[in-house]
Amino acid sequence: MSRRTLVLLVVMGAVWVLAFFYLFRGSTSVATFQQEKVVDLVSLVSKIHIDSNLKKMVIEKSPESLPEVFNPVRLSFGKEAADTLIVTLPTLSYKFLGFIKTENGVRIFLSDGRNRFEISGKNPVFDRYAVTYVSSLGVLVLDVENGRFFSIR
């Protein structure tokens with residue numbers, strides 16, 4: 001190999017090394033990444049409780065004097081957050097069979113192991129549980145006595 005070819009190869013190698021250096025090293029220093037704050041929904045929901053004075057007022061008053069107790073408070077969950085809660089929260093002894101959305105609200109089909117039953121309406125309530133969200137994964141319910149959320153799958 002001639003001296004001229006050897007110098008040309010060294011210069012070409014140096015150019016490639018610099019190109020790769022700036023290509024890989026330069027791209028990470030230019031871009032700025034911000035990590036989103038991750039919210040643990042399960043621990044957040046488990047901290048929610050109902051004031052004992054509110055429970056006492058609801059129990060003492062007749063249902064006629066308080067026709068829509070839950071209307072002042074609307075719970076809103078994003079689909080992904082609610083589905084995550086359904087999968088991660090403790091489950092009740094009921095089994096979720098399915099649901100149908102209608103003009104009058106929603107019809108939810110459940111089983112308690114022996115009997116199948118249906119709850120329906122815009123804000124369905126059964127036993128001591130108020131339905132807050134329904135999806136194909138299950139039902140997210142609020143226990144109105146202790147203020148905890150549970151899932152039915």
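**Exercise 1.** Determine how strand β4 is joined to β5 in this predicted model.

*Solution.* Start with the pairing: β4, residues 125–126, runs antiparallel to β5, and two bridges join them. Next, find a bridge pair: Phe126 is partnered by Tyr129 in β5. Then look at the connection: β4 and β5 make a hairpin with two residues between them. Finally, check the backbone of the turn, where Asp127 has a positive phi of about 45°.

**Exercise 2.** Follow the chain from β5 into β6 and describe how these strands pair.

*Solution.* First locate the strands: β5 covers residues 129–135, and β6 covers residues 138–143. The link between β5 and β6 is a hairpin through two residues. Six bridges hold the pair in the antiparallel sense. One of the bridge pairs is Val131 with Val141 in β6.

**Exercise 3.** Decide whether β5 is mostly covered or mostly open to the outside.

*Solution.* A residue counts as buried when its relative accessible area is under 20%. By this cut-off, six of the seven residues in β5 are buried. Strand β5 is therefore mostly covered.

**Exercise 4.** Work out the layout of the sheet that contains β1, β2 and β3.

*Solution.* Begin with the order: the three strands lie as β1-β2-β3 in an open sheet with antiparallel pairing. The edges are β1 (95–102) and β3 (116–121), each of which pairs on one side only. On average, neighbouring strands in this sheet are turned by 15° against each other, direction ignored. Now take one pair: β1 and β2, residues 105–111, are matched over seven bridges in the antiparallel sense. Within this arrangement, Lys95 stands opposite Ser111 of β2.

How values were computed:
Residues numbered from 1 in each chain as written. Predicted model: local features only at pLDDT ≥ 70, side-chain atom pairs only at ≥ 80, totals over all residues. Heavy atoms only, no water. Pairing = 2+ DSSP bridges. Helix = DSSP H or I, 4+ residues; strand = E, 2+ residues; numbered from the N terminus. Axes fitted to C-alpha atoms, helices over the stretch in contact; angles between N-to-C directions. Buried < 20%, exposed > 50% of the residue type's maximum accessible area, 1.4 Å probe, protein only.
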